[in-house]
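User: I'd like a close look at a single part of this model. Here it is.
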Amino acid sequence: MGAKPWWAQGVDVSRPSSARVYDVHLGGSHNFQVDRELAEKAAELMPSLPAVLRANRSFLRRVVHHLAELGVRQFLDLGSGIPTVGNVHEIAQRVDPECRVVYVDNDLVAVAHSQAILRGNDPATAIRADFRDVEEVLDHPEVRSTLDFDRPVAVLFFAVLHFVPDSDDPAGVVARYVDRVPSGSYLAISHACSDGIPESTREAAELYSRRIGGFHMRPKEQIAAMFGDLELLPPGLVDLAEWRPDSWELPPGGKPWTGPGGVARKP
């Protein structure tokens, strides 16, 4: 009998996952045929989709670097997905090797790959959990042993809250995390926006909803409300490519519609 393939431990290869489809669009290799088929169909409907997702990764990089430069040394990446170039721990630990990072995802492939690349990196870890279960995440032994909740924590929701239906109260989920972190902590959010989108983008979102189990684009006003009473850092809640831009290169045809992102500080 040969060894079991790397994906054999409980992974449903007949159903696409948001983490693995994202991995396809970013050129990763930890995905399956069902993920690649969905990614291809979505890109046919919305050709700018891969560029949008790359813009989100660029936003992640700029946010983490900026917060590390401000002195943040702890990061909680919720719905972190499959590791790719420019992960949170890589960016933060370039500023300070002692930066501590916890990745949280419910996809087996994402967590297994994260744990593999973090071997030997004691200040960083990855756990499998549904980030909507705030108490399960924050009271998890690895989270408690990695992060010091008496010191500021950057709570990161990059391109994940649009997979949470209104019935699960995404703003309430965010608020519960903010309530549990101390003064001086930060909240970062990027989210798919329904304002002024072309019909092709709406069709791509509906395709995701049918195949993955829910994709909920929201108006910018509703996304802004997820920050609660926290004060946004300049330049506020803006298009991802406009948040403290540096050398991000525009794809052919100019800047794609990417949706808003922002960062706020807990006083």
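How many bridges join E1 to E2, and which way do the two strands run? Please take in the surroundings of that strand too, plus the salt bridges.

Analyst: Quick ground rules. This is a predicted model, where local features need pLDDT of at least 70, side-chain atom pairs count only at pLDDT 80 or more, and totals for chains, interfaces and linings use all residues. Residues are numbered from 1 along each chain as its sequence is written, and side-chain values use heavy atoms, with hydrogens and water left out.

Now the strand. E1 and E2 run parallel, joined by five bridges. Helices (H or I, at least four residues) and strands (E, at least two) are DSSP runs, numbered from the N terminus, and two strands pair if DSSP finds at least two bridges between them. Across from glutamine 74 you'll find arginine 100 in E2. E1 also runs parallel to E4, with three bridges joining them; there, phenylalanine 75 has alanine 154 as its bridge partner.

As for cover, five of the five residues in E1 are buried, meaning under 20% relative accessible area, with exposed being over 50% and partly exposed in between (1.4 Å probe, protein chains only). That goes for both faces: Gln74, Leu76 and Leu78 lie on one side, Phe75 and Asp77 on the other.

On to the salt bridges, each a side-chain nitrogen of Lys or Arg within 4 Å of a carboxyl oxygen of Asp or Glu. The structure has six of them. One pairs aspartate 96 with arginine 73, at 2.8 Å from N to O. This pair ties together distant parts of the chain, 23 residues apart: arginine 73 is in the loop between helix H3 (49-69) and strand E1 (74-78), while aspartate 96 is in the loop between helix H4 (88-95) and strand E2 (100-105).

Another set centres on arginine 132. Its closest N–O distance to aspartate 130 is 2.6 Å, making a salt bridge. Aspartate 168 also forms a salt bridge with arginine 132, again with the closest N and O atoms 2.6 Å apart. That second pair spans 36 residues, from the loop between strand E3 (124-128) and helix H6 (134-138), home of arginine 132, to the loop between strand E4 (154-158) and helix H8 (170-180), where aspartate 168 sits. Through shared partners, Asp130, Arg132 and Asp168 become one network. Arginine 132 counts as partly exposed because its relative accessibility is 30%; aspartate 130, at 24%, is partly exposed, and so is aspartate 168 at 32%.
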